[in-house]
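Please open the structure in your viewer and keep the sequence beside it, since the tour below moves from one selection to the next. At each stop, make the selection first and then read what is there.

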Amino acid sequence: RGFSGKYKMNTELAFRKAAEHGSQGAETDIRMTKDGVLVCSHDKEAVFSDGTELIVSESTFEELTAKPLRNDLTDDEVYLCTFRRYLEIMKENNMICFVELKGSFTDGQIKEVFDMVIEVYDLSKCLLQSFDFDNLIRIHSLFPDLEVMLTYGSGESNYERCFDYGFSLDVDQFVVTEKMINEFHERGLEVAVWTCNTKEDFERCKSLGVEYIESDFFGGND
């Protein structure tokens with residue numbers, strides 16, 4: 001969600017700071033507003049600096065950007081960021097986009113999401129992540145050239161189903177094993193790990209030879 005260890009997550013500020021810090025990519029979560037604008041928001045509610053809240057899917061973009069978001073990390077005034085602006089920042093800095101769809105999306109809305117990626121940036125620079133395997137299948141059928149990753153954590157099972165579809169893996173750093181990594185690499189598939197927020201965890205996962213390491217703090221300049 002950008003440089004979210006130090007800046008308000010999923011905001012233009014967090015994405016720009018991730019780029020300045022040297023990160024090679026940034027993850028985001030997207031939702032659709034009541035009037036059809038794609039915005040970056042992990043939670044279903046937008047919480048504002050005055051303590052009020054709005055449900056993203058039940059509010060217009062104008063309503064959601066009428067006042068700044070609550071920001072407990074810095075003194076910066078930050079607002080809800082559009083998915084388009086996120087893509088523009090990623091393009092300006094040649095960064096990889098990790099995208100997770102939040103809430104309910106129709107096939108038409110999914111197509112709108114990735115048509116925007118094609119329009120603004122490059123589908124080959126975008127990876128779709130999701131815990132929902134059926135969601136991955138739907139998206140893969142619409143955009144077969146888009147790399148998709150099953151998000152996989154403790155309590156999950158049967159990651160091997162990825163092999164039937166050629167899906168990569170986005171896995172909790174405390175769950176990943178060398179055997180798991182080798183199984184994906186043997187099939188030409190990639191592995192990402194989340195969320196490495198200590199130097200020790202970062203270095204350990206780096207030594208495993210995974211393609212991507214997700215962190216709220218560390219990036220290319222660490």
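Before selecting anything, keep in mind that this is a predicted model.

**The sheet as a whole**

Begin by colouring the strands, and look for the open sheet of 9 strands, which follow one another in the order 5-2-1-6-7-8-9-10-11 with mixed pairing. At its edges you will find strand 5 (81–82) and strand 11 (212–213), each of which pairs on one side only.

**Strand 6 and its two neighbours**

Next select strand 6, residues 96–101, where 6 of the 6 residues are buried. In a regular strand the side chains alternate between the two faces of the sheet. Show the side chains here and you can follow both faces: Ile96, Phe98 and Glu100 lie on one side, Cys97, Val99 and Leu101 lie on the other, and all of them are buried.

Now add strand 1 (residues 25–32), which runs parallel to strand 6 and is joined to it by 6 bridges; to find a point along this pairing, select Asp29, which stands opposite Glu100. Then add strand 7 (residues 126–130), which is also parallel to strand 6 and is joined to it by 3 bridges, with Val99 and Leu128 as bridge partners.

**A buried threonine in strand 1**

While strand 1 is still displayed, select Thr28, which has its place in that strand. Is Thr28 buried or exposed? Thr28 counts as buried, because its relative accessibility is 0%, and the cut-off for that class is under 20%. If you display what surrounds Thr28, setting aside its neighbours within four places in sequence, you will find it in contact with Asn10, Phe15, Cys40, Phe83, Tyr86, Phe98, Val99 and Glu100.

From that list, move to Asn10, which has its place in the segment before helix 1 (12–21). Most residues other than glycine have a negative phi, and most peptide bonds are trans. Asn10, although it is not a glycine, has a positive phi of about 60 degrees, and with a relative accessibility of 4% it counts as buried.

**Helix 4 and helix 5**

Return to strand 6 and select helix 4 (residues 107–120) together with strand 7, for these three elements make a right-handed β-α-β unit. Then add helix 5 (residues 133–142), which packs with helix 4 at an angle of about 65 degrees, the two axes being 10 Å apart; the crossing of these helices is right-handed. Which residues meet where helix 4 and helix 5 pack? From helix 4 come Asp107, Ile110 and Phe114, and from helix 5 come Asn135, Arg138, Ile139 and Leu142. Coloured by class, this contact between the helices shows 4 nonpolar, 1 polar and 2 charged residues.

**Along the sheet to strand 11**

Continue with strand 8 (residues 147–152) and strand 9 (residues 168–172), a parallel pair joined by 4 bridges, in which Met149 has Ser168 as its bridge partner. Helix 7 (residues 178–185) packs on the sheet here, touching strand 8, strand 9 and strand 10 (191–194), and its direction makes about 165 degrees with that of strand 9.

Strand 9 and strand 10 are likewise parallel and are joined by 4 bridges, and Leu169 stands opposite Val191. Together with helix 7, strand 9 and strand 10 make a right-handed β-α-β unit. The path then leads from strand 10 through helix 8 to strand 11, in a β-α-β crossover that is right-handed as well. Between strand 10 and strand 11, which run parallel, there are 2 bridges, and Val193 stands opposite Ile213.

**Last stops in loops and on helix 8**

Zoom in on the peptide bond from Trp194 to Thr195, which is cis, with omega near -20 degrees; Thr195 has its place in the loop between strand 10 and helix 8. Then select Asn158, in the loop between strand 8 and helix 6 (162–165). Asn158 has a positive phi of about 60 degrees although it is not a glycine, and at 43% relative accessibility it counts as partly exposed.

Finish on Glu203 in helix 8 (residues 199–207), which is partly exposed with a relative accessible area of 38%. Select Asp43 too: the C-alpha atoms of Glu203 and Asp43 are separated by 30 Å, and the two residues lie 160 residues apart along the chain.

Notes: Residues numbered from 1 in each chain as written. Predicted model: local features only at pLDDT ≥ 70, side-chain atom pairs only at ≥ 80, totals over all residues. Heavy atoms only, no water. Buried < 20%, exposed > 50% of the residue type's maximum accessible area, 1.4 Å probe, protein only. Pairing = 2+ DSSP bridges. Right-handed = clockwise from strand over helix to strand, strands pointing away. Axes fitted to C-alpha atoms, helices over the stretch in contact; angles between N-to-C directions. Left-handed = near helix turned anticlockwise from the far one by under 90°. Contact = heavy atoms within 4.5 Å. Nonpolar A, V, L, I, M, F, W, Y, C, P; charged D, E, K, R; others polar.
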